[in-house]
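Here are my notes for you, as numbered points. Keep the picture open beside you while you read.

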There are 2 protein chains.
Amino acid sequence: MPNPTAAMLVIGDEILSGRTRDANMHYLAQEFTKHGVDLREVRVVSDDRPAIVAALNALRKGFDVVVTSGGIGPTHDDITADCVAEAFGVHIDVRDDARALLAAHYERQGVEFNAARQRMARIPDGATLIDNPVSIAPGFTMENVHVMAGVPAVFQAMVASILPHLTGGAPLLSQSLRIMRGEGEIAEPLAALAQRYPDLSMGSYPFQRDGVYGANVVIRGSDGGRVERAMAELAGLFPA
Amino acid sequence: MPNPTAAMLVIGDEILSGRTRDANMHYLAQEFTKHGVDLREVRVVSDDRPAIVAALNALRKGFDVVVTSGGIGPTHDDITADCVAEAFGVHIDVRDDARALLAAHYERQGVEFNAARQRMARIPDGATLIDNPVSIAPGFTMENVHVMAGVPAVFQAMVASILPHLTGGAPLLSQSLRIMRGEGEIAEPLAALAQRYPDLSMGSYPFQRDGVYGANVVIRGSDGGRVERAMAELAGLFPA
C-alpha cells in the first residue's frame, strides 16, 4: 500500500505578519516522515474566511489527509471550525460532548465557563473529537480533515492522538495528570518511570499560571491496563 | 495607495520531509511587515514540476507580488527556473548576462565553470536578474514573480535587492567584498565603519571553505558615491 499523501493548512495572521515563527509545520513534517505519511504541500493563510474555505476545499480534494493548525481558540478571530463547516456544507453549533468536556475542565479549575470559552465547543455536525490532554478544548476530524490547535504543545499532543488512525497502527489510549510542580522536580522521577514502561510514551507539557509552575504529564499506549498502572504509579509519586 | 499584497512559494522536499526547518518564510514575513507589503499566503511545495507550475500560476494571478525561495542551484532537482518559464509560457536557456557573471566569479575562485554550474545561468526570456552579492548566482524577476535562492543568507540578500522596487523606495546600490578572516576579527572594525556611514547598510555573510573562515561583506545604499567611499575604506581595513 502506498503511503498516504498529506497537506497542512496553517491559519493565522501572526505567522504571516512575522510576529510568530511557526513551529508546527516543522514538527508535523518530522512526525509524518517518521510514520510514513507523505507531506506534499503546506499552505499558510490569514484569518480570512474565504481564503480558509478555498484552501480547505483545494487541499481536502487533492490529498488523502489534511491537518490544520490554528484558529480554534475562544476569540472572535478564531473562525477555523466555522470555515470547516462551510467547506463541507454542514451545520455547526456548540455540541454537547465538547461542551461537557470543557464545563468539567473549567469547574475543576474554578474558572467561569463563559460565552467566549463556549465558542471552543463549536463542532461541525458529523465530526469526531480529537483528544486534547494538555488543555482539554478538543480538536476534531471531519472526513479527511483534522482540525488542531495552533499552540505547539497542544498541536503536538493532537498529532499524537491522530497518528495511529492515519498509519493503521493500533489506536493509542491516553491519560493525563496535572502536577503542580516545576518540571525540574518532575523530570527525574518521570524518566525513571518511563524506563520501567518502555512500551508507553510519556510527555510533559509545562505551564505557568499566576506565578505557579506546573505540567500536564500525558501517558500513552495501546494497552489500556498498562497506561492505567503507570498513571497510578505517577500519581503516587506526586501526591496533590 | 493600499499596500501591495504578496504571496510566497517555498520550493523544497527538504522542508516537507522535516530535514530542514524553513527560515525564509519568517524572515520575509518580518521584512514585508516592516516595509508595508501585505503577505497574505505562503505555500510550500515539493520539487515536483506540475505542483510548482500550478502554485506559481495561482499565486501570480491572485497577488500583486510573488516571492519564491529554493530550487535554483546547480543540481538536477533544481527546477524552479524551468517551472517559471513554463508558467509564463516563455523560452528558457543559459543566458549570456548570467553566464558572464558566473564565469567571472568561478575564474576569480579558480573553480571550473562546469555544466552543473552553468545550469544556474538558465534564465527565462524577458526576466531581469536579481543581484546576489553573497554567492553571485543571480535570482530573477519575471513580471510580478521574484525568484530567489533558498540558502538563507542569499535569500536575505536578494530580498534586500528587490524591496525598494516593491515599495517605491529609491533602489539600493550594493558592493561586496570577500574578506578571508573570521567574523570575530571583522566585527569590530565593521561596526565602527557602519557608525561613520549611518545612511548605508552593511551586512556580513560568513562562510567556511576547506577549513578557512571568511565572509562576504555587503554595503548597500541609495547614494553610489557613498557606497564607493565606504567600500574603499573597508578594503583598506582588510588588505588581501
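1. Before we look at how a helix lies over strands, one bit of vocabulary: an axis here is a line fitted to C-alpha atoms, for helices over the stretch in contact, and angles run from 0 to 180 degrees between N-to-C directions. Also keep in mind that this is a predicted model.

2. With that in hand, try helix 4 of chain A, residues 80-88. Strand 1 (5-11), strand 3 (65-69), strand 7 (139-142) and strand 8 (145-148) of chain A are the strands that helix 4 of chain A lies across. Relative to strand 8 of chain A, helix 4 of chain A runs at about 165°.

3. Now stay with strand 8 of chain A. Which residues cover its two faces? Val145(A) and Val147(A) sit on one side, His146(A) and Met148(A) on the other, and all of them are buried. Both faces of this strand are therefore covered, given that a residue counts as buried when 20 or more other C-beta atoms lie within 10 Å of its own.

4. Strand 8 of chain A also has company to each hand. It runs parallel to strand 3 of chain A, with four bridges joining the two; here Val66(A) stands opposite Val145(A). With strand 7 of chain A, strand 8 of chain A runs antiparallel, and three bridges join them. Met142(A) is the residue opposite Val145(A) in that pairing.

5. Strands 7 and 8 of chain A make a hairpin with two residues between the strands, and Glu143(A) takes a positive phi near 50° there. Chain B has antiparallel strands 7 (residues 139-142) and 8 (residues 145-148) too, joined by three bridges. Thr141(B) has His146(B) in strand 8 of chain B as its bridge partner.

6. A word on that phi sign. Most residues other than glycine have a negative phi. Glu143(B) is not a glycine, yet its phi is positive, about 50°. You'll find Glu143(B) in the loop between strand 7 and strand 8 of chain B, and it counts as exposed because it has 11 C-beta neighbours inside 10 Å.

7. There is another case to look up in chain A. Ile136(A) has a positive phi of about 75°, and it is not a glycine either. Its place is the loop between strand 6 and strand 7 of chain A. Is Ile136(A) buried, partly exposed or exposed? Ile136(A) has 19 C-beta neighbours inside 10 Å, so it counts as partly exposed.

8. Zoom out to the whole sheet. It is an open sheet of 12 strands with mixed pairing, and its order is 6(A)-7(A)-8(A)-3(A)-1(A)-2(A)-2(B)-1(B)-3(B)-8(B)-7(B)-6(B). Strand 6 (128-130) of chain A and strand 6 (128-130) of chain B stand at the edges; each has a single partner strand, so one side of each is left without a neighbour in the sheet. On average, neighbouring strands are turned by 20° against each other, direction ignored.

9. Where do the chains join in that sheet? Strand 2 of chain A pairs with strand 2 (residues 38-45) of chain B, in the antiparallel sense and over five bridges. Arg43(A) stands opposite Arg43(B) in this pairing.

10. The contact between the chains takes 18 residues from chain A and 17 residues from chain B. On the chain A side, helix 1 (13-16), helix 2 (24-34) and strand 2 (38-45) each give two or more residues. Strand 2 of chain A gives the most, with seven residues. By class, the chain A side has eight nonpolar, six polar and four charged residues.

11. How are the two copies related? Chain A is superposed on chain B by a rotation of 180° with 0.0 Å of shift along the axis, at an RMSD of 0.1 Å. The copies are thus related as by a two-fold rotation axis. Of the residues of chain A, Arg43(A) comes closest to that axis, at 2.2 Å for its C-alpha. The same surface serves both copies, as 94% of the contact residues of chain A recur in chain B.

12. Last, look within chain A. It is divided into domain 1 (5-167) and domain 2 (173-237), with C-alpha centres 25 Å apart. Six residues of domain 1 of chain A are in contact with six residues of domain 2 of chain A. The domain 1 side of this contact has five nonpolar, no polar and one charged residues.

Definitions and conventions. Residues are numbered from 1 along each chain as its sequence is written. Chains are lettered from A and ligands numbered from 1 in the order in which they are written. This is a predicted model: local features need pLDDT of at least 70, side-chain atom pairs count only at pLDDT 80 or more; totals for chains, interfaces and linings use all residues. Two residues are in contact if their C-beta atoms, placed from the backbone, lie within 7 Å. Ala, Val, Leu, Ile, Met, Phe, Trp, Tyr, Cys and Pro count as nonpolar, Asp, Glu, Lys and Arg as charged, and the others, Gly among them, as polar. Two strands pair if DSSP finds at least two bridges between them. Domain bounds come from an automatic or database domain assignment. Copies are superposed by least squares on the C-alpha atoms of residues with pLDDT of at least 70 in both. A residue is buried if 20 or more other C-beta atoms lie within 10 Å of its own, exposed if 12 or fewer, and partly exposed in between; C-beta atoms are placed from the backbone.
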